[in-house]
Amino acid sequence: MTDNSNSKIISLIRNFKGLKVFCIGDIILDRFIAGDIERISPEAPIPVLKIQSEDLMLGGAGNVMRNLVALGAQVRFVSVIGNDNAGSTVLSMIKKDTDISENIIIENERQTSIKTRYLSGNQQILRTDKETISDIRPSSENTLFKIVERELSSTGGLVLSDYGKGVLTRDLLQKLIIIAQTKKIPVIVDPKGTDFSCYKGATLITPNRKELELATKLPTNNDKNITVAARKLMKSCKIGSVLVTRSSDGMTLEHGLKTNHFKAEAREVFDVSGAGDTVAAVMTCALSSKASLVDGAKIANTAAGIVVGKFGTASVSASEVIDYFDTNSQHEFKTKIITESDIPKLLQNWRRKGKKIGFTNGCFDILHPGHLSLLRQAKSTCDKLIVALNTDQSIQRIKGQDRPLMREKARAELVASLASVDTVLFFDEDTPLKLIKKIKPNILIKGADYSAKAVIGAQFVTENGGKVILAKITDGFSSSSIIDKMRQK
């Protein structure tokens, strides 16, 4: 059952759908290049990275925008990019989403911000930045402001995502905040730098603990000091309220003379990058829908707890947050379901902690006692168990068009709900060999109805120092036989 307070929160989150909000700030193209290092270059004592995959993601204000859309909002997005390949890529990625209406200003002499991360063996080995860090041209600033002046009244809130790249100049910030005040539109700022006076008049700012410390030159090591620093900021910079994100210590909301502390909701932290973007997006939706600051902060704290359990600059959907409040004892299992692009950072986190990683796979079309026994045995051999599921299309190729009986989302949620399983993901190929080579598990587990030599990936795992374990089979259970019996009745 969902208690009354949770029912209220769920209703508020559902009200996010269809909200119209303005998002302005510095957009960044995040690149993740992953591969293997197998040798040292003969030209110099440096490793040679054999590239296997490249992923692109919208970062900076682009990640705030992605979170707003995931929460159900319709976003009016304004930013400035360069006339270059990265800028073209950013534009094409934005235009794919029908919930985003964009006005992207192009400056020929500007370099679109690109952050490239190189990964090998699940470790980040290098990051390169290519960008222009200077104020946008006065003509661009004027164009941007006119867009906001013309259209702000049709939206419920304005979020300013400042990454210090030059889109949000000091003069533009003040003009935007003043016009929003005039139209009684709430302004939420994700700040940057050490001088927050440029955000004077904002409804809410969302600094992290370190940013608050640098901006106020006051300690922020406990609840009392956080309160003192936040109130100083509110008074000196004439800011309405401050929501301080405090990592493992949760959040603190200072509003008026009131203080609310929120304990961290994260169960296991994989990646904190982008959590501030999620908080800014949630608070924008909350204030745009006339929710209270306290209710908004409660939702934001939960959303941040979900996003840090993901990998990379991730977003959080309204349904994920609703699931938390609707089934508080069962929400954790959905965070176990990941995509292939999440693998590198997941493995990096586990291996850094010295965890032994196990891998098994299957269709799991109907979850039965044989599956439960296999997964319990698999978990007993390792610290972290990854279960790879065939996609629906993969199963149809292997077992016929009348399978699977349960679609992949339902199968994934059932498997992920088991205590013995740590992570679930899909593979679309007929075999999981590609995935096994990417994960490089310490233990490969399969049922004893296979021989060790017949297990897909066995040779690769053993050649890389791992083990293959054949789990005992529980007689009398198989998905195919169960389905056949059901059809005969």
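I started with helix α14 (residues 408-416) and pulled out its buried residues: Arg411, Ala412, Val415 and Ala416. This is a predicted model, so I'm keeping that in mind for everything below. Those four span an arc of only 125° around the axis, which puts them on the same side of α14. That fits the textbook picture: an α-helix has 3.6 residues a turn, so residues three or four places apart point the same way. Next I checked what sits over the buried residues of α14, and the cover includes β15 (384-390), α13 (392-399) and β16 (423-427).

Then on to helix pairs. I looked up α8 (residues 275-288) against α9 (residues 293-307): their axes come within 8 Å and cross at roughly 150°. Angles over 145 degrees count as roughly antiparallel, and α8 and α9 are therefore roughly antiparallel to each other. I noted the crossing of α8 and α9 as right-handed. On the α8 side I listed Ala275, Thr278, Val279, Val282, Met283, Ala286 and Leu287; they meet α9 residues including Leu293, Gly296, Ala297 and Ile299. Sorted by class, the α8 and α9 contact has 13 nonpolar residues, 2 polar and no charged.

Last pair: α6 (residues 209-216) and α7 (residues 223-237). Their axes come within 10 Å and cross at roughly 60°, and α6 and α7 are therefore oblique to each other. I got a left-handed crossing for α6 and α7. Arg209, Leu212, Ala215 and Thr216 in α6 meet Ile226, Ala229, Ala230, Lys232 and Leu233 in α7. My class tally for the contact of α6 with α7 reads 6 nonpolar, 1 polar and 2 charged residues.

Terms used. Residues are numbered from 1 along each chain as its sequence is written. This is a predicted model: local features need pLDDT of at least 70, side-chain atom pairs count only at pLDDT 80 or more; totals for chains, interfaces and linings use all residues. Side-chain values use heavy atoms; hydrogens and water are left out. Axes are lines fitted to C-alpha atoms, for helices over the stretch in contact, and angles run from 0 to 180 degrees between N-to-C directions. Helices (H or I, at least four residues) and strands (E, at least two) are DSSP runs, numbered from the N terminus. Angles under 35 degrees count as roughly parallel, over 145 as roughly antiparallel, 65 to 115 as roughly perpendicular and the rest as oblique. A crossing is left-handed if the near helix is turned anticlockwise from the far one by less than a right angle, and right-handed if clockwise. Contact means heavy atoms within 4.5 Å. Ala, Val, Leu, Ile, Met, Phe, Trp, Tyr, Cys and Pro count as nonpolar, Asp, Glu, Lys and Arg as charged, and the others, Gly among them, as polar. Buried means under 20% relative accessible area, exposed over 50%, partly exposed in between (1.4 Å probe, protein chains only). The arc is that of the directions from the helix axis to the C-beta atoms.
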